[in-house]
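Subject: Structure handover

Hello,

Here is the structure you asked for. My notes on it follow below the entry.

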Amino acid sequence: MADLSFSTDLRWQGTGREGQGAVRLRGKEVSYSAPDSIGGKGSGSSHEELLISAVGVCYSGTLFGLLRKKGLPVSRVGIRAEGAVIGYPMQSKFFRLCVSPTVEGGDVAQAKSYEQAAAEARDRCFIGKTITGNVQYDVGEVRVLAAE
């Protein structure tokens with residue numbers, strides 16, 4: 001099996017909360033800085049949003065594929081990803097990340113099967129595996145919406 005390699009280009013200017021940066025993702029630039037809620041510039045995304053987005057993106061694709069593999073009806077998966085930091089400001093640590101999926105085009109009568117698949121997807125998502133052991137990684141409410 002071959003190893004994979006990924007790269008991206010980033011730039012940063014300024015110190016701590018006063019700084020701001022940008023990352024180039026597939027030809028598109030995304031700016032980031034510390035959130036204004038902690039005295040940062042609040043421009044673009046925050047480091048925290050980028051982390052939970054990375055996990056959420058991996059989780060959504062993993063869950064969708066797993067639902068299809070299990071033969072559970074699905075037309076689209078939406079994810080609400082939330083993270084929590086503790087010990088701010090002196091000993092900040094990203095503490096918890098929770099993904100809460102909404103399955104569109106599902107079979108409401110099989111809600112338990114969707115919940116089981118959601119938990120299994122958490123354990124299979126390779127970006128999520130990266131934070132496991134360092135960050136509490138949970139699946140929140142699993143919503144199943146029937147096809148219209």
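To begin with the contacts: of those in the protein chain with a separation of 6 or more, 50% are between residues 24 or more positions apart. Please keep in mind that this is a predicted model.

Overall layout

The protein chain has 3 helices and 7 strands. In sequence order they run β-β-β-α-β-β-α-α-β-β. Along the principal axes, the C-alpha atoms take up a box of roughly 55 × 35 × 35 Å. The protein chain has 148 residues, and 28% of them are buried. Its exposed surface comes to about 9700 Å², with 51% of that supplied by carbon and sulfur atoms.

Charges and salt bridges

There are 18 positive and 16 negative charges in the protein chain, and the mean positions of the two sets lie 3 Å apart. The salt bridges number 8. Three of the pairs are described here, starting with Asp138 and Arg96.

Asp138 and Arg96 form a salt bridge in which the closest N and O atoms are 2.8 Å apart. This pair joins distant parts of the chain, since Asp138 belongs to strand 6 and Arg96 to strand 5 (residues 93-106), with their positions 42 residues apart. Strand 6 itself covers residues 136-139. Arg96 has a relative accessible area of 31%, so it counts as partly exposed.

The side chain of Asp138 also makes a polar contact of 2.7 Å with the side chain of Gln136. Leaving aside residues up to four places away in sequence, Asp138 touches Arg96, Leu97, Cys98, Val99 and Arg122.

Arg122, listed among those neighbours of Asp138, has a salt bridge with Asp123, at 3.0 Å from N to O. Arg122 is partly exposed because its relative accessibility is 21%, and the cut-off for buried is under 20%. Asp123 is also partly exposed, at 46% relative accessibility.

A further salt bridge connects the side chains of Arg124 and Glu120, with 2.8 Å from N to O. Both residues sit in helix 2 (residues 111-124), 4 residues apart, which is about one turn of the helix. Arg124 is partly exposed, with a relative accessible area of 39%, and Glu120 is partly exposed at 25%. Arg124 and Glu120 also belong to a network of salt bridges that includes Lys70.

Ser33

Is Ser33 buried or exposed? Ser33 has a relative accessibility of 1%, and the cut-off for buried is under 20%, so Ser33 counts as buried. Ser33 is part of strand 3, which covers residues 28-33. A polar atom of the Ser33 side chain lies 3.1 Å from the backbone nitrogen of Gly42. Gly42 is also one of the residues that Ser33 touches once residues up to four places away in sequence are set aside. The others are Trp12, Gly19, Gln20, Lys41, Ser43, Ser45, Ser46 and His47.

Regards

Notes: Residues are numbered from 1 along each chain as its sequence is written. This is a predicted model: local features need pLDDT of at least 70, side-chain atom pairs count only at pLDDT 80 or more; totals for chains, interfaces and linings use all residues. Side-chain values use heavy atoms; hydrogens and water are left out. Helices (H or I, at least four residues) and strands (E, at least two) are DSSP runs, numbered from the N terminus. A polar contact is a pair of N or O atoms within 3.5 Å; within protein, one must be able to donate a hydrogen and the other to accept it, and residues adjacent in sequence count only if both atoms are side-chain atoms. Contact means heavy atoms within 4.5 Å. Buried means under 20% relative accessible area, exposed over 50%, partly exposed in between (1.4 Å probe, protein chains only). Accessible areas come from the Shrake-Rupley method with a 1.4 Å probe; for residues, only the protein chains shown count as cover. Lys and Arg count as positive and Asp and Glu as negative; His and the chain ends are not counted. The place of a charge is taken as NZ of Lys, CZ of Arg, CG of Asp or CD of Glu. A salt bridge is a side-chain nitrogen of Lys or Arg within 4 Å of a carboxyl oxygen of Asp or Glu.
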